[in-house]
Amino acid sequence: MPKLVDHDARRAELARAAGRSIATLGLAGVTLREIAAEAGCTTGALAHYFDGKEALLTAALQAFADATLQAAKSTSPTNRSELLETLDVAIPTTGDRAAEWRVWMWFWVHSTVDELLANHNRRLQQGWTDYIAQCLDQVIANEGLDLATPAHDLAVQLLQSLNGIGLDATFDPEAWPPARQRSQLALALDLLLDRQRPPAHGPSHDRDNPNPEDQGGQDP
């Protein structure tokens, strides 16, 4: 009997191989021959699944971005420590993730001129925001916090911090070792949650005049 091939799985495997090649060679420099060598197949096999190099590279970028988000969504953090462990998958704290971030940067660069990638990037960023907001809702509830800012807005700020840390660590890995990346992400989370508490005010007359003796006029 002929061997059954899971075409979706094979397509995803080839896209991941293309992603590894992009991480090493860059999007502009990678060739179909090099991707085929990475995947252990022929260029003809690539052509069977993808209509040209551009389609393959687009699939590689999308597959990488989706896989990172799905890895995070496989967990359900309930406190700050667990949330930081979950978000660790999205910063370049290992060699593999550093390579992935180089792909991620190419993804962003080409999203500025490729409407298909731009739309995918918008959906991906929204997916990250919604997921982080869901996690923050759970953390806030478990800590009994009464915050002045909605969790979704906090999620936008935390995602901005995460992206900034990833970019800094990709551009200057020696200055941004894993320990610094993690500590900065933890600091960003603490600042968001602890700084957003509504101020605890006393009675209104105390707020208006913190020194009741300085009332002016005569005592009753």
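This is a short tour of a predicted model, with suggestions for what to select at each stop.

**Stop 1: the whole chain**

Start with everything shown as a cartoon. You'll find ten helices and zero strands, so to speak an α-α-α-α-α-α-α-α-α-α pattern when you read along the sequence. The chain has 220 residues, and 41% of them count as buried. Now think about how the chain folds back on itself: among contacts between residues at least 6 apart in sequence, 67% join residues at least 24 apart.

**Stop 2: helix 2**

Select residues 32-39, which make up helix 2. Which residues of helix 2 are buried? Show side chains for Ile35, Ala36 and Ala39, and you have them. Next, turn the view until you look down the axis of helix 2. The buried residues fall within an arc of 100°, so they line one face of the helix.

Keep that view and check the face turned away from the buried side. Arg33 and Ala37 are there, and both are exposed.

What do the buried residues of helix 2 pack against? Add helix 1 (7-25), helix 3 (43-49) and helix 4 (53-73) to your selection, and you'll have the three partners on screen. Before moving on, click on glycine 40, just after helix 2: its phi is positive, at about 70°.

**Stop 3: the largest pocket**

Hold on to helix 1 and helix 4, and add helix 6 (95-111). Each of these three gives two or more residues to the lining of the largest pocket. To find the middle of the pocket, select Arg16, Arg20, Phe64, Asp96 and Glu100, which lie nearest its centre among the 17 lining residues. The space in this pocket comes to about 350 Å³. Try colouring the lining by class: ten residues are nonpolar, three are polar and four are charged.

**Stop 4: the largest cavity**

Leave Phe64 selected and add Thr68, Ala90, Trp101 and Trp104. These five lie nearest the centre of the largest cavity, which has 14 lining residues. Phe64 therefore belongs on your list at both stops, as one of the residues nearest the centre of the pocket and of the cavity, under the way linings are defined.

How many cavities of 30 Å³ or more are there? The count is one, and the largest cavity has a volume of about 140 Å³. To see what surrounds the space, show helix 4, helix 6, helix 7 (115-143) and helix 8 (151-171), each of which gives two or more residues to the lining. Helix 6 gives the most, with four residues. Colour by class again, and you get ten nonpolar, two polar and two charged residues.

**Stop 5: glutamine 181**

For the last stop, go to helix 9 (residues 178-195) and pick out glutamine 181. Is glutamine 181 buried or exposed? It's buried, with a relative accessible area of 1%.

What does the side chain of glutamine 181 reach at 3.1 Å? Draw a distance to the backbone oxygen of proline 92 and you'll see. Then draw another one to tryptophan 176, whose backbone oxygen lies 3.0 Å from a polar atom of the same side chain, that of glutamine 181.

Finally, show the residues around it. Leaving out those up to four places away in sequence, glutamine 181 touches Ile91, Pro92, Thr93, Ile165, Ala169 and Trp176.

Notes. Residues are numbered from 1 along each chain as its sequence is written. This is a predicted model: local features need pLDDT of at least 70, side-chain atom pairs count only at pLDDT 80 or more; totals for chains, interfaces and linings use all residues. Side-chain values use heavy atoms; hydrogens and water are left out. Buried means under 20% relative accessible area, exposed over 50%, partly exposed in between (1.4 Å probe, protein chains only). The arc is that of the directions from the helix axis to the C-beta atoms. Contact means heavy atoms within 4.5 Å. On a 1 Å grid over the protein atoms alone, a cavity is a set of points where a 1.4 Å probe fits but cannot get out, and a pocket is an open set with protein on both sides within 12 Å along at least five of seven lines; lining residues have an atom within 4 Å of a point. Grid points are joined across faces, edges and corners, and a volume is the space filled by probe spheres set on the points. Ala, Val, Leu, Ile, Met, Phe, Trp, Tyr, Cys and Pro count as nonpolar, Asp, Glu, Lys and Arg as charged, and the others, Gly among them, as polar. A polar contact is a pair of N or O atoms within 3.5 Å; within protein, one must be able to donate a hydrogen and the other to accept it, and residues adjacent in sequence count only if both atoms are side-chain atoms.
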